[in-house]
Amino acid sequence: MAIQSISGGNPAAYASPPPGDQVQRQAAAAAQRAEAEKTAELAPTPETKKSVREIQKEDVKKAVDDVQNFVNTKNQDILFSIDEDLGKTVVKVVDRSTKELIRQFPSEDMLQIAKALDKLQGLLVKQQA
């Protein structure tokens, strides 16, 4: 039984693989098309950006409420401040009744190290200028 080509072309041309460079170009083109489609699908729109911001705000608010509820049961206060020398946020957990510092983030030691490194960096810059 003989199989004949419908298009009338050379059947041997269909059986032989394209040259190596052409295969690589076709693979690269296919990869680029797939990447473009993926990027287009994941590209944020104004609606999705807004919804992401809303979700993040809701998550932060829920986390803050959860922490506040936990702290209220432990008779402790959380205080937020900014270190004037470094401009870094400092969080302190304080006993509500005795006003005793329970925990601080970053610790006082770390703040002192950061200040010393900042001064050292300032000295190095002044000497190079």
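Where is the place of Met110? The place of Met110 is in helix 4, and we will come back to that helix at the end of our walk. First, a word on what you are looking at: this is a predicted model, in which local features need pLDDT of at least 70, side-chain atom pairs count only at pLDDT 80 or more, and totals for chains, interfaces and linings use all residues. Residues are numbered from 1 along each chain as its sequence is written, and side-chain values use heavy atoms, with hydrogens and water left out.

Let us start with the overall plan. The protein chain has four helices and three strands, where helices (H or I, at least four residues) and strands (E, at least two) are DSSP runs numbered from the N terminus. Read from the N terminus, the elements follow the order α-α-α-β-β-β-α. The chain has 129 residues, and 7% of them count as buried; here buried means under 20% relative accessible area, exposed over 50%, and partly exposed in between, with a 1.4 Å probe and protein chains only. The accessible surface of the protein chain is about 11300 Å², with 58% of it belonging to carbon and sulfur atoms. Such areas come from the Shrake-Rupley method with a 1.4 Å probe, and for residues only the protein chains shown count as cover. Among contacts in the chain with a separation of 6 or more, 16% are between residues 24 or more positions apart, a contact being heavy atoms within 4.5 Å.

Now to the sheet. It is an open sheet of three strands in the order 1-2-3, with antiparallel pairing. Strand 1 and strand 3 are the edge strands, each pairing on one side only. From one strand to the next, the twist averages 20°; the axes behind such angles are lines fitted to C-alpha atoms, for helices over the stretch in contact, and the angles run from 0 to 180 degrees between N-to-C directions. Two strands pair if DSSP finds at least two bridges between them. Strand 1 and strand 2 are joined in the antiparallel sense by seven bridges, and Gln76 has Asp95 in strand 2 as its bridge partner. These two strands form a hairpin with six residues between them, and Gly87 in the turn has a positive phi of about 75°. Strand 2 and strand 3 also pair in the antiparallel sense, over four bridges, with Lys92 opposite Gln104 in strand 3.

Ser81 makes a good stopping point in strand 1. Its relative accessible area of 33% makes Ser81 partly exposed. Leaving aside residues up to four places away in sequence, Ser81 touches Lys88, Thr89 and Val90. The C-alpha atoms of Ser81 and Lys92 are 8.2 Å apart, while their positions lie eleven residues apart along the chain when counted as separation. Put plainly, Ser81 and Lys92 are eleven residues apart along the chain.

How many salt bridges does the structure hold? The structure holds four salt bridges, each a side-chain nitrogen of Lys or Arg within 4 Å of a carboxyl oxygen of Asp or Glu. One of them joins the side chains of Lys62 and Asp66, at 3.1 Å from N to O. The two residues are four residues apart in helix 3 (residues 46–73), so about one helical turn separates them. Lys62 is exposed, at a relative accessible area of 52%, whereas Asp66 is partly exposed at 40%.

Another salt bridge links Asp77 and Arg96, with the closest N and O atoms 3.0 Å apart. Because Asp77 lies in strand 1 (residues 76–82) and Arg96 in the loop between strand 2 (89–95) and strand 3 (101–105), the pair ties together parts that are 19 residues apart in sequence. Both count as partly exposed, Asp77 at 25% relative accessibility and Arg96 at 28%.

Asp83 and Lys115 form a salt bridge too, with 3.4 Å between the closest N and O atoms. Asp83 sits in the loop between strand 1 and strand 2 and Lys115 in helix 4 (residues 108–128), so this pair ties together parts that are 32 residues apart in sequence. Asp83 and Lys115 are both buried, and together with Asp85 they are linked in a network of salt bridges.

That brings us back to helix 4, the place of Met110. Met110 is partly exposed, at 47% relative accessibility. Along with Ile113, Leu117, Leu120, Leu123 and Leu124, Met110 forms a nonpolar patch on the surface, with about 580 Å² of accessible area together. Patches are made of residues with over 30% relative accessible area and no salt bridge; like charges are joined within 9 Å, and nonpolar side chains (Val, Leu, Ile, Met, Phe, Trp, Tyr) within 5 Å.
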